[in-house]
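Visitor: Could you walk me through this one slowly? I am still new to reading structures.
Guide: Gladly, and here is what we will be looking at.

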Amino acid sequence: MPEEVWILLVEDDDDDAELALRALARCELAPRVVRARDGEEALDVLLGRGEAAAGTVPPPALVLLDLKLPKVDGIEVLTRFRADGRGRDVPVVVLTSSMLPADVRACYQAGANSFVVKQVEFAEHARTLREMAAYWLQVNVRP
Amino acid sequence: MTLDVRTLLALFALTQALQVVVLSVQYALFRSYRGTGAFLLWSAAVGAGSVAFLFRDHETLGRVAIFAQNGLIVFGTLCLWAGLCRFHGRDEDRRLFGAVLVPYLAAHAFLLWVVPDIDLRAVVLAAALVVSALLSARELWRERTGESRPVALVLVAGLLAHAAFFAYRGAVLLIGAHVGDVWGSAAFNVAPYVDGFLLTNLVTFGIVILVNRRVNAEVREARDHFRRLLDTIPDAVLMTRVSDGICRDANEGFEALTGYRRDEIVGRSSTELGVWVDPRARDRVFERALESDATRDLELEGRRRDGTPFVGSVSARRVDVRGEPHVLSVVHDVTGRYAAREALQRSDREIRELNAGLERRVAERTAELTAKNAELEAFVHSIAHDLRAPLRAIEGFSGILEEEHSARLDDEGRRLLARVRGGARRMDRLLRDLVEYARAGSAGLRHERVDLGVLARGAFEDVVPAEAREAWRFVVGDLPTARGDAALLRVVLRHLLANAVKYAAAGPGRSVEVRGRVEAGHVVCEVVDDGVGFDPAHAGRLFRVFERLHAGEGDDGTGIGLAIVRRIVERHGGSVHAEGRPGQGATFAFSLPETGESDA
């Protein structure tokens, strides 16, 4: 059985989450998307601990990470994920509405592969997400 | 007692030789005194004359010896007169000198060779000696003043006695007496030699004493002048013996400077009196003076007798007094200058401290302001972030509604939905501009060479989508190179071009031109459109936040763009302005300092 390709979406805002899910659902590949509502849940999934980890044994093919999250913020999640052996090679795209240069710098330092600003115009936003998923899941070659 | 003329003559010659030695030494020592040479000549001539006397009986040379003897004696006595004249500072009367000597020599020669007559020769000689003695006496009498008076008077007396003697001798010979045997011991013949012996000794001693007195007087005078000079100098002068530091002399200037009397310092050392705050400093002055012979302008702190401080600038020189090393020091009072300099330095220091304080405060304020700006920017970002989340929901869901459920809406419903999405998009742009406006105020400013032409073309491409560019006449002129932050200046051009494009869209030529020039040290860049223009009366409002002159022209203006332009340009130290007329297009310009000084 081929390994399941799935995406972890870390997003606390239900509206944003639904929009992202709808956008990704229109992908050719239509990957499974698992959503984490806060940083802690995200870490549970990524580091394979607690309930949330059930059924997610292969690491995600892509992580879409919001920055401003309850409990554990996005940069912390990223840092801890990168520190863990399993998380080293997983592409992480920071998906946020912040354009603060300091945030951009901090994310790349923590090991983000990409930094994408959420667009308000849905059509644009959806296209970006689809193209991104296609790129990281189909074009990009991982070790 | 029988006096033998030969013995006398020998003695006379001997003493004369001694006198020649004495007067030679005197001449050697005091050559600078006029007359000492003539005195020596007098003594030598008279001595030589007495030696010539010894040869008067010689067979062939006898008459020459006699001529030489008396001629030299008369010449010598005239030299004495000439010497006295010169010693008194005037030239002897040469004609008088000749008027005595030449007739005498003529008469003497006549009475020796033509009509030999020893008695008449003696008379003529006596006359010549009387005349020359009187001349000398008169010269001494004239100058019988001051320190030389007693000596002059004694000499005058001797010369008069001598003249009287020869006057008597001449008179006696004239009325019939005879010289007789010149070698005999008759009193008449012996007397002239005794007279000559006494007179030459007397005159030689007299001359020595006269010169001595003059030297003394001059030394006294020099010392007096030195003293006066010393006391006239307003500076303090000290003469100090190096071996024990004892002060040997001090002037009035020293009294004035330190308040000590001369007799308090002389015989004691200045360190003993406590004149110098740091005695080692005085020692250094001494060392330098001894090392290099002289030293200048060393500043020493001193204390006056009443304890008040002073500052002296000391110049010192090594001076030997009777072979002992001394230091002659001149102390110039520079207390005032020193105090002034101190005050100047103090105020200088204070000013520097004030400046430093001011700079520190400015730096603190700047840091505070920078922090505040950054805080504000972060705040604006955070607000924008939070506001955009619901916006995305509005836009996104209404978009999905439009795409997936529009069949169930009527035209009015679809129109309203489009309005909702438009509103959301406009608010998004507003938020972006607000964030940009905040950034324009707080972002770090880079200073680099900026090609405005490249920026303008890039900004135009940002503003007008590729497919729409065909319809535009976009001209970029020859733009000067500016100095500033390229990223921020691109924002400036983007907003100016967006503004121009917006209003020129309805213009006849859809024309936008960017041109530039250098003017009075500023790089000026203008964006010209052929759009609707504006009323010049409102030009001032253009660059304020949320000010818009044209209402209801679609949803693409936020009213922040020109405010961002102004903020960035002003941070570069430049200025913005706009020109326009309704219906005749507008020109928006900004100018930047050529040197690139900014963020003032």
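Guide: What follows is a short conversation about this structure, which is a predicted model.

Visitor: Let's start with chain A. How many helices and strands does chain A have?
Guide: The secondary structure of chain A comes to 5 helices and 5 strands, and if you follow the elements from the N terminus on, they run β-α-β-α-β-α-β-α-β-α.

Visitor: And what share of the residues of chain A is buried?
Guide: Chain A has 143 residues, and 38% of them count as buried. Looking at contacts in chain A with a separation of 6 or more, 68% are accounted for by residues 24 or more positions apart.

Visitor: How do α3(A) and α4(A) pack, parallel or antiparallel?
Guide: The angle between α3(A) and α4(A), the latter being residues 101-110, is about 15°, and their axes are 9 Å apart. Angles under 35 degrees count as roughly parallel, and these two helices are therefore roughly parallel to each other. Their crossing is left-handed.

Visitor: Which residues meet there?
Guide: From α3(A) come A:I75, A:L78, A:T79 and A:R82, and they meet A:A106, A:C107 and A:A110 in α4(A).

Visitor: Anything odd about the backbone in chain A?
Guide: You could look at A:K71, a residue other than glycine whose phi is positive, near 65°. A:K71 is found in the loop between β3 (62-65) and α3 (74-83) of chain A, and it is partly exposed, with 14 other C-beta atoms within 10 Å.

Visitor: Where is B:R322, then, and is it buried or exposed?
Guide: B:R322 is in the loop between β4 (309-321) and β5 (324-333) of chain B. With 5 C-beta neighbours inside 10 Å, B:R322 counts as exposed. B:R322 also has a positive phi, of about 45°, although it is not a glycine.

Visitor: OK, new topic. How many residues of each chain are in contact with the other chain?
Guide: On the chain B side there are 16 residues, and they are in contact with 15 residues of chain A. Both α12 and α13 of chain B supply at least two residues of the side that touches chain A, and α12(B) gives the most to that side, with 12 residues.

Visitor: Can you show me one residue from that region?
Guide: Take B:R425, which has its place in helix α13 of chain B. Leaving aside neighbours within four places in sequence, B:R425 is in contact with A:V120, A:E121 and B:E395. B:R425 is partly exposed, with 17 other C-beta atoms within 10 Å.

Visitor: And how far is B:R425 from B:R392?
Guide: They are 33 residues apart in sequence, while in space the distance between them, C-alpha to C-alpha, is 9.0 Å.

Visitor: What about the inside? Which residues have the most contacts within the largest nonpolar core?
Guide: That core has 53 residues, and those with the most contacts inside it are B:V492, B:L497, B:A500 and B:V565. Several elements of chain B each supply at least two residues of this core, including α12 (335-405), α13 (411-442), α15 (486-504) and β12 (586-593). The element that gives the most to this core is α15(B), with 12 residues.

Visitor: Why does this core lie between two domains?
Guide: Domain 3 (357-443) and domain 4 (445-593) of chain B both give residues to this core, so it lies between them. Apart from it lies another core, of 49 residues, among them B:L84, B:C85, B:A128 and B:L159.

Visitor: Back to B:V492. What does it touch?
Guide: Not counting residues up to four places away in sequence, B:V492 touches B:V565, B:I568, B:V569 and B:F590.

Visitor: You said α15(B) gives the most to that core. At what angle do α14(B) and α15(B) pack?
Guide: They pack at an angle of about 55°, with their axes 8 Å apart, and α14(B) and α15(B) are therefore oblique to each other. The crossing of these two helices is right-handed. Among the residues that meet are B:L455, B:A459 and B:V463 in α14(B), and B:L489, B:L493 and B:L497 in α15(B).

Visitor: Last one: how do α5(B) and α6(B) cross?
Guide: The axes of α5(B), residues 118-142, and α6(B), residues 149-174, come within 8 Å and cross at roughly 160°. These helices are therefore roughly antiparallel to each other, and their crossing is left-handed.

Technical notes: Residues numbered from 1 in each chain as written. Chains lettered and ligands numbered in written order. Predicted model: local features only at pLDDT ≥ 70, side-chain atom pairs only at ≥ 80, totals over all residues. Core = buried A, V, L, I, M, F, W, Y, C linked by C-beta atoms within 7 Å. Buried ≥ 20, exposed ≤ 12 C-beta atoms within 10 Å, placed from the backbone. Helix = DSSP H or I, 4+ residues; strand = E, 2+ residues; numbered from the N terminus. Domains from an automatic or database assignment. Contact = placed C-beta atoms within 7 Å. Axes fitted to C-alpha atoms, helices over the stretch in contact; angles between N-to-C directions. Parallel < 35°, antiparallel > 145°, perpendicular 65-115°, else oblique. Left-handed = near helix turned anticlockwise from the far one by under 90°.
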